[in-house]
Amino acid sequence: MKRAIFPGSFDPITLGHFDIIERGVTLFDELIIAIGINADKNYMFPLEKRKQFIEEAFKDEPKIKVVTYEGLTVNFCKEVDAQFILRGLRNPADFEFEKAIAHTNRKLSEIETVFLLTSSGKSYISSSIVRDVIRNNGDYTGLVPDSVRI
């Protein structure tokens with residue numbers, strides 16, 4: 001079985017994430033959306049709410065599981081027997097950042113990182129932009145899946 005994880009904080013899940021997940025699920029037998037827990041980070045949405053947003057968005061996709069984890073992503077991959085990490089790339093800066101992480105992960109384990117380019121119409125969307133729009137009472141609905149309504 002080809003199992004991949006798609007790690008992130010998903011605060012909140014955006015249409016960019018959604019795009020990568022929809023396309024990524026076709027490449028693997030199972031895709032685990034793994035919400036990382038970082039005690040040092042201040043999130044806009046509580047963990048359970050972020051998980052609920054994602055579960056609702058993919059409720060009709062049996063190949064997707066949504067879980068939370070702490071610690072190194074490569075260690076979590078070993079725990080769930082995932083051979084791949086799926087990552088989305090929006091721009092060259094994302095590539096440089098993700099490349100360094102992928103090389104480190106490969107040094108620590110045999111985990112392969114698979115990169116997908118975000119569709120061009122969604123490449124400008126980031127969770128931090130969505131949070132800023134929400135904080136300033138803007139219309140964020142065109143940036144997130146329908147499941148993200150506050």
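In the predicted model, Asp81 is located in the loop that joins α3 to β4. Although Asp81 is not a glycine, its phi is positive, at about 55°. A second residue of this kind is Asn137, which is likewise not a glycine and has a positive phi of about 60°; Asn137 belongs to the segment that follows α5. A further backbone feature occurs in the loop between β1 and α1, where Pro12 is placed. The peptide bond leading from Asp11 to Pro12 is cis, and its omega is near -5°. These features stand out against the general background, since most residues other than glycine have a negative phi and most peptide bonds are trans.

The secondary structure of the protein chain consists of five helices and five strands. Along the sequence these elements follow the pattern β-α-β-α-β-α-β-α-β-α. The C-alpha trace extends over about 45 × 35 × 30 Å along its principal axes. For 150 residues, a compact globule would be expected to have a radius of gyration near 15 Å, and the value of 15 Å found for the protein chain therefore agrees with that expectation.

The five strands are arranged in an open sheet with parallel pairing, in the order β3-β2-β1-β4-β5. The edge positions are taken by β3 (64-69) and β5 (112-117); each has a single partner strand, so one side of each is left without a neighbour in the sheet. From one strand to the next, the twist averages 30°. Strands of a sheet pair through backbone hydrogen bonds, in either a parallel or an antiparallel manner. Between β1 and β2 (residues 30-36), the parallel pairing extends over six bridges. Within this pairing, Ala4 has Leu31 of β2 as its bridge partner.

Helices α1 and α3 both contact the sheet. Helix α1 lies across β1, β2, β3, β4 and β5, and runs at about 115° to β5. Helix α3 packs on the sheet through contacts with β1, β2, β3 and β4, and the direction of α3 makes about 145° with that of β1.

Empty space left between the atoms can be located by rolling a probe the size of a water molecule over them. The largest pocket of the model encloses about 1100 Å³ of space. Its lining comprises 40 residues, and those nearest the pocket centre are Pro7, Gly8, Ser9, Arg87 and Glu98. Two or more lining residues are contributed by each of β1 (3-8), α1 (15-24), α3 (73-80), β4 (84-89), α4 (92-108) and α5 (127-135). Among these elements, α4 provides the largest share of the lining, with eight residues. Classified by residue type, the lining of the largest pocket contains 15 nonpolar, 17 polar and eight charged residues.

Technical notes: Residues numbered from 1 in each chain as written. Predicted model: local features only at pLDDT ≥ 70, side-chain atom pairs only at ≥ 80, totals over all residues. Heavy atoms only, no water. 1 Å grid on protein atoms, 1.4 Å probe; cavity = no way out; pocket = protein on both sides within 12 Å on 5 of 7 lines; lining within 4 Å. Points joined across faces, edges and corners; volume = space filled by probe spheres on them. Helix = DSSP H or I, 4+ residues; strand = E, 2+ residues; numbered from the N terminus. Nonpolar A, V, L, I, M, F, W, Y, C, P; charged D, E, K, R; others polar. Pairing = 2+ DSSP bridges. Axes fitted to C-alpha atoms, helices over the stretch in contact; angles between N-to-C directions. Contact = heavy atoms within 4.5 Å. Rg over C-alpha atoms; globule rule 2.2 N^0.38 Å.
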